[in-house]
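Visitor: I am new to protein structures and would like to be led through this one step by step. Could you show it to me before we begin?

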Amino acid sequence: MAKLQPVRGTRDLIGEDSRTHLHIGDLARATAGGYGYTPIETPVFEFTEVFKRTLGDTSDIVTKEMYTFEDKGGDSLTLRPEGTAGIARAVLSGGLQNEMPLKWCYAGPMFRHERPQKGRLRQFHQIGVELIGVADPVGDIEVIALAAATLDALGVLPATILELNTLGDGESRATYRTALVGYLEGFRDRLSEDSQQRLDRNPLRILDSKDKGDQAIVADAPSFSDYLTPEAQAFFDSVRGGLDDLGIAYQLNPRLVRGLDYYCHTAFEFTTDQLGAQGTVLAGGRYDGLIEMMGGQPTPGVGWAAGIERLAMLTGPAPAGARAISVIGIGDAGEKAAAQVAQDLRQAGFTVELNYRGGLKRGLKRADKIGAAAAVFLGDDELARDGVTVRNLDDGSQSDVTLAGLKDHLAAYR
RNA sequence: GUGGCUGUAGCUCAGUUGGUUAGAGCGCCUGGUUGUGGUCCAGGAGGCCGGGGGUUCAAGUCCCCUCAGCCACCCCA
């Protein structure tokens, strides 16, 4: 263990950072609430099997990015790398299959053992929503509309574009995959080293390779849209029509893919060019195969997740809360009386900071530092006349106020 | 996991071809004001120069290793 450093890829959220994260979570929950989504909290760790089964043994997340450990009972546990698997598990272990549709939103930490860089940490935070039990495109449309509304509430929607694609159904994907691999095999030697591996493991990923040579080869590859079944095409058309009806702009991106098998039909991402290489702010899609893969009945689902750290880089710091009133006691009797005044003001709903010791000068310095709007002095002079002195910290003006009239006087500072 | 760049005070950074007690601004503390902040003035505290090893008469400065940060690849929110 290195000396008193945070673990690599983790960081403390203090002051403004913490406030901003909470603000983003609050706004997301409020927005989702307006769509009828209620909060869910699942554990931050699960049996490793939960993620292995759902993410697939060959995915990068499972093979190299999971924080996995053995607990004292000998079970293999894993810190969740994403939110959906745990929620699917909750559906099954809670016997909620008959409560469909389930509409949930969540916010919390996720863990992936990756090399940190801009917009990427080992412990990071996501907000997300899941709509489980709706097979119709109206579900996709609602979830995307909610995503846009959330980004709009945060004020970052104009900084993003919505990219949209379809992964089709299983049949569409299977025939396309065969055609794509057939085409790419002819160029195997000329593909980048990474893509040669992808060709065996995850050929669809080659479509969004950043390698220039790969891109040239991919340009002439078979197009997925030619392989969509009529049903899958109709589904996608419905989603697009619904977004058009709601006035939600999007850009088709045929190279937008998902690595995992249980994804199908709609895939979408809100991306930005303001965050360096990590441009994806919010990503989601339909995962009809997920719950079945975990051992449940076939159950449709669609949802998304967004990175709070990435959102925070776009929103900037959240607005500060109410300015405080500093209550400063002077002398033993004054400090005692000040404690009572502070208590009364707090119960009346004021934000109050009580000085602990050190006298008026120290109290005022502190008041200035925390940005208090006014200071209330309480010393022998004030006690003698059963009142307090109120100082306006913006203009320095002071007034004598009776104890009885203090709340009314301070109303101007709320 | 791979690559590039960077680690000097709480923060942001200077520090000459290797040369004597390592500096600045901001912040912090004290005093000027034994009942007045933010401005001003004076003073002060605070550094194993990320860590370890090496070269040298001499290392913050050069070399190696290691840790960390940043950025990119991979992958992803």
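Guide: This is a predicted model, and we can start with a helix called α11. The buried residues of α11 pack against α1 (16-34), β6 (123-132), α5 (137-154), β10 (280-286) and β11 (301-307).

Visitor: How many of the eight residues of helix α11 are buried?

Guide: A residue counts as buried when its relative accessible area is under 20%. In α11 that description fits Ile308, Glu309, Arg310, Leu311, Ala312 and Leu314. The helix, residues 308-315, is largely enclosed by the rest of the structure, because its buried residues number six of the eight.

Visitor: Which residue follows α11, and what is the sign of its phi?

Guide: The helix itself covers residues 308-315. Just after α11 comes glycine 316, with a phi near 75°, and the sign of that phi is positive.

Visitor: How is chain A divided into domains, and how far apart do the C-alpha centres of domain 1 and domain 2 lie?

Guide: Domain 1 is made of two stretches, 16-169 and 229-315, whereas domain 2 is the stretch 325-413. Taking the C-alpha centres of domain 1 and domain 2, the distance between them is 49 Å.

Visitor: In what order do the five strands of the open sheet lie, and which are the edge strands?

Guide: The pairing in this open sheet is mixed, and the order of its five strands is β13-β12-β14-β15-β16. A strand at the edge pairs on one side only, and this holds for β13 (352-354) and β16 (398-402). Neighbouring strands of the sheet are turned against each other by 25° on average, direction ignored. The edge strands, then, are β13 and β16.

Visitor: Which helix packs on the sheet by touching β12, β13 and β14, and what angle does its direction make with that of β12?

Guide: The strands touched are β12 (325-329), β13 and β14 (374-378), and the helix that touches them is α12, residues 331-347. Helix α13 (residues 359-369) also lies across β12, β13 and β14, as well as β15, and runs at about 170° to β12. For α12, the angle with the direction of β12 is about 155°.

Visitor: Which residue in β16 stands opposite glycine 387?

Guide: Strand β15 takes in residues 387-392, and five bridges join it to β16, the two running antiparallel. Across from glycine 387, the residue in β16 is threonine 402.

Visitor: Is aspartate 386 buried or exposed?

Guide: Aspartate 386 is found in the loop between α14 (380-384) and β15, and it has a positive phi of about 60° although it is not a glycine. Its relative accessibility is 54%, and since a residue over 50% is called exposed, aspartate 386 counts as exposed.

Visitor: Is histidine 265 buried or exposed?

Guide: Histidine 265 belongs to strand β9 (residues 264-271), and its phi is positive, about 50°, although it is not a glycine. With a relative accessible area of 10%, which is under 20%, histidine 265 is buried.

Visitor: How many bridges join strand β3 to strand β4, and which glycine in their hairpin takes a positive phi?

Guide: Strands β3 (residues 67-70) and β4 (residues 76-79) run antiparallel and are joined by four bridges, with tyrosine 67 standing opposite leucine 79. Between the strands of this hairpin there are five residues, and the one with a positive phi near 90° is glycine 74.

Visitor: At what angle do helix α6 and helix α7 pack, and with what handedness does α6 pass α7?

Guide: Helix α6 (residues 170-185) and helix α7 (residues 193-201) pack at about 145°, with their axes 11 Å apart. The contact is made by Arg177, Val181, Leu184 and Glu185 of α6 together with Leu199, Asp200 and Arg201 of α7. The crossing of α6 past α7 is left-handed.

Visitor: What is the relative accessible area of leucine 180?

Guide: Leucine 180 has its place in helix α6. Leaving aside neighbours within four places in sequence, leucine 180 is in contact with Pro203, Leu204, Leu207, Ala221 and Pro222. Leucine 180 is buried, and its relative accessible area is 1%.

Visitor: Is the peptide bond from methionine 100 to proline 101 cis or trans?

Guide: Proline 101 is in the loop between α4 (84-93) and β5 (102-111). The omega of the bond from methionine 100 to proline 101 is near -5°, and the bond is cis.

Key
Residues are numbered from 1 along each chain as its sequence is written. Chains are lettered from A and ligands numbered from 1 in the order in which they are written. This is a predicted model: local features need pLDDT of at least 70, side-chain atom pairs count only at pLDDT 80 or more; totals for chains, interfaces and linings use all residues. Side-chain values use heavy atoms; hydrogens and water are left out. Domain bounds come from an automatic or database domain assignment. Two strands pair if DSSP finds at least two bridges between them. Axes are lines fitted to C-alpha atoms, for helices over the stretch in contact, and angles run from 0 to 180 degrees between N-to-C directions. Contact means heavy atoms within 4.5 Å. A crossing is left-handed if the near helix is turned anticlockwise from the far one by less than a right angle, and right-handed if clockwise. Buried means under 20% relative accessible area, exposed over 50%, partly exposed in between (1.4 Å probe, protein chains only).
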